[in-house]
Amino acid sequence: MTDTLTLRRPDDWHLHLRDGAMLQAVLPYTAAHFARAIIMPNLVPPVVTGAQAVAYRDRILAALPQEAQFEPLMTLYLTEETDPDDVAQAHASGLIKAVKLYPAGATTNSASGVSHFDKVRPTLEKMAEIGLPLCVHGEVTDHDIDIFDREAVFIDRVLDPIRKATPELRVIMEHITTKDAVDYARAQNDRLGATITTHHLVINRNHILAGGIKPHYYCLPVAKREEHRLALRDAATSGETRFFLGTDSAPHTDANKLLPCGCAGCFTAPNTMSILAEVFEQDGKLNALEGFTSLNGPAFYGLDANSDTLTLTKGDAVRYPGHIDSAEGPVTVFDPGYDLHWRVT
Ligand code: DOR
Ligand code: ZN
């Protein structure tokens, strides 16, 4: 029986760190395990210019625990007013590693996102030219499209047309949640990658809705039917290089989750690596874990894998705190609903 697992140190290719007191509270959990993370720009106000990304990166670095070795990989939030030259400059200076596309209204703090995709065409063309990837929140926002169909409809109506119009653009389908997305990704060339979260490998929509509503399992894109979760498990554990980890760990205080209109997001930073080891072991694919967490992502972004390592050890059930404290209030830690046996040592 394998009871020790040493991996190249993992990276998180989609992470929400927030700002201020919340940043202070959550950053140590990611920095303890991950060497780098793609930092989501959906602050209030969003990180839309290079100057704002520099300032945000400095706040993240200032919030790091002293002994931590962690590099935030910054992104810019794409708006209809984004200046392609500002983006190109931020990329040339090494400041940003991607630009993030939120369809306006799709999720938390996405009001400044894109409604008219033609308006961002000059920026997308510039990005294709300079080799800067686009991270995509892939859901349409039309009120007449069922929330469980919004990812599949986005692929047909928005993503595929963007890829056809700008074939050189490198695109990351983020936090995919459907078999449709897995199938689409598999049919594309190597300019398309896809991230998968930890929680979408664990929960389906029954976990959210059957036997009482569970706000802490509510995130966007919302978890779908079991057949979709199984397709994600198959993709993540397949060893295919286009699939890699983006936790979408998205902390909200319990007060903000437990409202009549509660926030979307699962906070998985503390126990993600334990959960993933359990999941990959359940599927008999522990040997594919390192590719998913530590190799495929850097390869897609054209970066070296980390040279240091992370070791997990299997033993008695590991207990994680039900919540962490922040100056804004407690934040519930994602509960996979079963015992975990792998701990980071
Ligand atoms: O569940 C989510 N939470 N999905 C997102 O796309 C945004 C995120 C957040 O920022 O809270
Ligand atoms: Zn996200």
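## Starting at the ligand

How far is an oxygen atom of ligand 1 from an N or O atom in the side chain of histidine 16? The gap is 3.3 Å. Keep in mind while looking around that this is a predicted model.

Two other side chains reach ligand 1 in a similar way. Arginine 18 puts a polar side-chain atom 2.8 Å from an oxygen atom of the ligand, and histidine 137 has a polar side-chain atom 3.3 Å from a ligand oxygen. On its own, ligand 1 has 290 Å² of accessible area, and the protein covers 100% of it. The space that ligand 1 takes up is the largest cavity. There are 13 residues around ligand 1, and the ones that come nearest are Arg18, Asn42, Leu220, His252 and Ala264.

## The zinc site

Ligand 2 is a zinc ion, and its protein donors are His14 (NE2), His16 (NE2) and Asp248 (OD). These donors sit 2.0 to 2.1 Å from the metal. Written along the chain, their spacing is H-x1-H-x231-D. Histidine 16 belongs to the loop between β2 (12-15) and α1 (20-33), while aspartate 248 belongs to the loop between β9 (243-245) and α9 (254-257), so this pair ties together parts that lie 232 residues apart in sequence.

How buried or exposed are these two donors? Histidine 16 has a relative accessibility of 7%, so it counts as buried. Aspartate 248 comes out at 6%, so it is buried as well. The backbone at aspartate 248 is worth a look too: its phi is near 55°, a positive value in a residue other than glycine.

## Histidine 16 and its surroundings

Histidine 16 turns up in both of the sites above: it is a zinc donor through NE2, and its side chain has an N or O atom 3.3 Å from an oxygen of ligand 1. Its side chain also makes a polar contact of 3.0 Å with the side chain of asparagine 42. Asparagine 42 lies in the loop between β3 and α2 and is buried, with 5% relative accessibility. Asparagine 42 is also listed among the residues that come nearest to ligand 1.

Arginine 18 sits in the loop between β2 and α1. Its relative accessible area is 14%, which makes it buried. Here too phi is positive, near 60°, in a residue other than glycine. That is the arginine whose polar side-chain atom lies 2.8 Å from a ligand 1 oxygen.

## Two cis prolines

Where are the cis peptide bonds to look for? One joins valine 44 and proline 45, with omega at about -10°. Proline 45 is in the loop between β3 (36-39) and α2 (50-63), and asparagine 42 is found in the loop between β3 and α2 too.

Another runs from leucine 220 to proline 221, with omega near -5°. Proline 221 has its place in the loop between α7 (205-209) and α8 (226-236). Leucine 220, on the other side of that bond, is one of the residues that come nearest to ligand 1.

## Asparagine 306 and its contacts

Moving further along the chain, asparagine 306 is in the loop between α11 (289-301) and β10 (309-318). It has a relative accessible area of 9%, so it is buried. What does its side chain contact? A polar atom of that side chain lies 2.8 Å from the backbone oxygen of arginine 9, and a polar contact of 3.4 Å links it to the side chain of arginine 36.

## Two more buried positions

Isoleucine 196 is part of strand β8 (residues 192-196), and its relative accessible area of 0% puts it among the buried residues. Its C-alpha atom is 9.3 Å from that of tryptophan 13, although 183 residues separate the two along the chain.

Glutamine 188 is placed in the loop between α6 (179-186) and β8. With a relative accessible area of 18%, glutamine 188 is buried; the cut-off for that is under 20%. From C-alpha to C-alpha, glutamine 188 and arginine 163 are 9.8 Å apart in space, with their positions 25 residues apart in sequence.

Technical notes: Residues numbered from 1 in each chain as written. Chains lettered and ligands numbered in written order. Predicted model: local features only at pLDDT ≥ 70, side-chain atom pairs only at ≥ 80, totals over all residues. Heavy atoms only, no water. Donors = N, O, S within 2.8 Å, 3.2 Å for Na, K, Ca; no water. Helix = DSSP H or I, 4+ residues; strand = E, 2+ residues; numbered from the N terminus. Buried < 20%, exposed > 50% of the residue type's maximum accessible area, 1.4 Å probe, protein only. Near = heavy atom within 4 Å. Polar contact = N/O pair within 3.5 Å; in protein donor to acceptor, adjacent residues only side chain to side chain. Areas by Shrake-Rupley, 256 points an atom, 1.4 Å probe, with all protein chains shown as cover. 1 Å grid on protein atoms, 1.4 Å probe; cavity = no way out; pocket = protein on both sides within 12 Å on 5 of 7 lines; lining within 4 Å. Sits in = over half its atoms within 2 Å of the grid points.
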